[in-house]
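These are my notebook entries on the structure shown below. They record what I looked up, topic by topic.

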Amino acid sequence: MLYQPKKILVTGGAGFIGANFVHFWLKNHPNSRIVVLDALTYAGNRANLVAVESQENFRFIHGDIRDFDLVLSLLQEEEIDTIVHFAAESHVDRSIHGPDEFIDTNVIGTHVLLKAAKKVWLDNLQTPRPHRFHHVSTDEVYGTLRPEEPPFSESNQYAPNSPYAASKASSDHLVRAYHETYGLQVTTSNCSNNYGPYQFPEKLIPLVISNILDGRPLPIYGDGLQIRDWLYVDDHNRGIDLVIHQGKIGETYNIGGNNEWTNIEIVKLICRLLDEKFATNEEMKKRFPYAPQVSGSMAESLITHVTDRLGHDRRYAIDAGKITKELGYCPQESFETGIRKTLDWYLDNEGWWRAVMDGSYRKWVELNYSQNT
Ligand code: NAD
Ligand code: TYD
C-alpha cells in the first residue's frame with residue numbers, strides 16, 4: 001500500500017542533498033507541506049532554498065536537531081507525519097580531524113529525533129498516528145571493498161572505517177532499534193557518493209571544479225586509484241521518494257548508480273571538460289583569469305598528489321538490485337549528462353560557491369592541508 005506523507009519535517013534541508021530534496025519534492029508533490037529544520041553549520045546555506053522560501057507550503061526553522069524541546073514542539077505544532085532525516089556532519093576528512101561533532105550530531109542528534117518522534121507518534125496512544133521516519137544514510141557504513149568483491153548489498157555486514165562512517169552506522173542501528181523495540185515506522189536508505197548542484201566545495205567534484213577555475217592545485221590523496229560509485233543527487237532523491245511512498249517499514253534500501261570511477265579518472269574527466277569549455281568560449285578566460293587555460297596550459301597541470309587520507313577506504317560500490325526490483329527504481333541521469341549539468345551549474349553559480357568558500361572552510365583547509373600541497 002502506498003504511504004502518502006502530508007506534512008514533512010526535513011532535517012538538514014539547507015545542505016547539499018537536503019536542499020535538492022526540498023526542490024525535488026515540492027516540484028513533484030506540490031500539495032504536501034515541508035518544514036526544514038537546519039542548524040546552518042558551515043555546510044548549510046539558506047540561499048539554497050531561496051526558490052521555495054516564499055511558498056505557503058514551506059517553512060524554514062533555524063535550529064538544532066539535538067534540541068529535544070524544539071523538535072517536539074515542531075512535530076506537534078506542525079502536525080508532522082513524516083521525518084526525512086538528512087542533517088549530519090558529512091565530510092570524512094573533518095571527522096578524522098575532529099570526530100566529536102560527528103558523534104554529537106549524527107548519533108545524539110538522530111537519537112533526539114527518534115525520541116521526539118516516538119513521543120508524538122506512539123506514546124500513550126491506543127492506535128499510533130500514521131507516520132514515517134526516513135533515515136538517510138551512506139554506503140560508507142559497509143567499509144571498504146577489494147577489487148574482486150561484489151558491490152555492497154543490504155545484507156553486507158557493517159564495518160565502518162572512518163569516524164564519519166562509524167557515526168552514521170551508529171545512527172542506522174538506533175533507527176533500526178526504535179523500529180524493533182517500539183514499533184516506530186522507519187525506513188533507511190544507504191546511498192553512494194552524490195554529486196550535483198549546491199555541493200559544498202570541500203567534496204571532490206566541486207572542489208576540483210572551483211580549484212581549476214581559480215588555478216589552485218587539485219589535491220589527489222595517495223595514488224588516486226580509490227574507487228567511488230557516483231550518483232546524481234536528484235537520482236538519490238528519486239530513490240528516497242520511492243522508499244517513502246512504497247518502501248516496506250523496517251527495511252533498508254541501497255541506492256546507487258552502478259557508476260564506479262577512480263578518483264584520478266574523475267579529476268581528469270573534469271579537467272578535460274573544462275579545457276573544452278575554455279577552448280570554445282573566450283568569455284571564460286575573462287571570467288577566470290587564474291585558470292591554467294588562460295596561460296596556454298591544461299587543467300591537468302594542476303594535479304598534485306598529496307599525503308593519503310588516514311584509513312582511506314579503497315573502494316565503494318552499491319548493488320541497487322533490491323530497490324530496482326522491489327520499487328522499480330531507475331536513475332535518470334547518466335554520468336555523462338549528470339557531470340555536464342553539474343559543471344554548468346557551478347559555472348552559472350559562481351557567486352554561490354565563492355560565498356560559501358569565503359567562510360570557515362578556507363581557514364580549515366589552510367590549517368589542515370597547507371603541509372600537504
Ligand atoms: P551537507 O553537509 O551538505 O549538509 C548537512 C546539513 O545538515 C547542513 O545544512 C547542516 O547545516 C545541517 N546540520 C548539521 N548539523 C546539524 C544539526 N545538529 N542540526 C540541524 N542541522 C544540522 O550533507 P549532505 O552531503 O547533503 O548529506 C546529507 C545526508 O546524506 C547526510 O546524512 C549524509 O550522511 C548522507 N549522505 C551523503 C552522501 C554524499 O555523497 N554527500 C551520500 C550518501 C549519504
Ligand atoms: P569526498 O568527496 O570527500 O567523499 P567521500 O570521502 O565521502 O567518498 O571524496 C571522494 C574521494 O576523493 C575520496 O576517495 C577522497 C578523494 N579526495 C581526494 O583525492 N582529494 C580531495 O581533495 C578530496 C576532497 C577527496
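**Entry 1: Strand S6 and its partners**

I began with strand S5 (residues 132–138) and strand S6, which pair in the parallel sense over 6 bridges. The model is a predicted one. Within this pairing, I found Ser137 opposite Asn190 of S6. I then followed the chain from S5 through helix H5 (residues 163–182) to S6, and I noted that this β-α-β crossover is right-handed.

On its other pairing, I recorded 4 bridges that join S6 to strand S10 (residues 252–255), and these two strands run parallel. There, Thr188 stands opposite Thr252 in S10.

I next asked how many residues of strand S6 (residues 186–191) are buried. The count is 6 of 6, and the strand is mostly covered. In a regular strand the side chains alternate between the two faces of the sheet. I looked up both directions in S6: Val186, Thr188 and Asn190 point one way, Thr187, Ser189 and Cys191 point the other way, and all are buried.

**Entry 2: Strand S1 and Ile8**

I turned to strand S1 (residues 7–11), of which 4 of the 5 residues are buried, so the strand is largely enclosed by the rest of the structure. I found S1 joined by 5 bridges to strand S2 (residues 33–38), and the two run parallel. Here Lys7 has Arg33 of S2 as its bridge partner. The path from S1 to S2 passes through helix H1 (residues 16–28), and I noted this β-α-β crossover as right-handed.

S1 also pairs with strand S4 (residues 82–85), in the parallel sense and over 4 bridges. Val10 stands opposite Val84 in S4.

I chose Ile8 for a closer look, as a residue found in strand S1. Is Ile8 buried or exposed? Its relative accessible area is 0%, and I therefore entered Ile8 as buried. Setting aside neighbours within four places in sequence, I listed the contacts of Ile8 as Trp25, Arg33, Ile34, Val35, Ile80, Thr82 and Val84. I also looked up the separation of Ile8 and Lys118, which are 110 residues apart along the chain: their C-alpha atoms are separated by 16 Å.

**Entry 3: The nonpolar cores**

I looked up the largest nonpolar core and found that it has 71 residues. The residues with the most contacts inside this core are Val22, Ile34, Leu49, Phe58, Ile212, Ile270 and Leu274. Helix H8 (residues 263–280) gives the most to the core, with 9 residues. I noted another core lying apart from it, of 24 residues, among them Leu75, Ile83, Ala116 and Val175.

Which residues is Leu49 in contact with, leaving aside its neighbours within four places in sequence? I recorded Gly13, Ala14, Ala19, Val22, His23, Val36, Phe58 and Phe60.

I then examined helix H6 (residues 204–213), which is mostly covered, with 9 of its 10 residues buried. The buried residues of H6 include Ile205, Pro206, Leu207 and Ile212. Just after H6, I noted that Gly215 takes a positive phi of about 70°.

**Entry 4: Aromatic rings**

A pair of aromatic rings is described by the distance of the centres and the angle of the planes. I found that the structure holds 16 aromatic pairs. One of them is formed by Trp261 and Phe335 and is tilted, at 4.8 Å centre to centre and 45° between the planes. Trp261 lies in strand S11 (residues 260–262) and Phe335 in helix H11 (residues 335–348), so the pair ties together parts that are 74 residues apart in sequence. Trp261 counts as partly exposed at 22% relative accessibility, whereas Phe335 counts as buried at 9%.

I looked next at Tyr346 and Trp352, whose planes stand at 75° with ring centres 6.2 Å apart, so the pair is edge-to-face. I entered Tyr346 as buried, at 1% relative accessibility, and Trp352 as buried, with a relative accessible area of 11%. I also noted a cluster in which ring pairs link Tyr142, Phe152, Tyr158 and Tyr316.

Finally, I looked up lysines placed over rings. I found Lys115 over the face of Phe68, at 5.3 Å from the ring centre, and Lys118 over the face of Tyr182, at 4.6 Å from the ring centre.

Notes:
Residues are numbered from 1 along each chain as its sequence is written. Chains are lettered from A and ligands numbered from 1 in the order in which they are written. This is a predicted model: local features need pLDDT of at least 70, side-chain atom pairs count only at pLDDT 80 or more; totals for chains, interfaces and linings use all residues. Side-chain values use heavy atoms; hydrogens and water are left out. A nonpolar core is a set of buried Ala, Val, Leu, Ile, Met, Phe, Trp, Tyr and Cys residues joined through side-chain atoms within 4.5 Å. Buried means under 20% relative accessible area, exposed over 50%, partly exposed in between (1.4 Å probe, protein chains only). Contact means heavy atoms within 4.5 Å. Two strands pair if DSSP finds at least two bridges between them. A crossover is right-handed if, with the strands pointing away from the viewer, the path from the first strand over the helix to the second runs clockwise. Rings of Phe, Tyr and Trp (its six-membered ring) pair if their centres lie within 6.5 Å; planes under 30 degrees apart count as stacked, over 60 as edge-to-face and the rest as tilted. A charge sits over a ring if NZ of Lys or CZ of Arg is within 6 Å of the ring centre and within 35 degrees of the ring normal.
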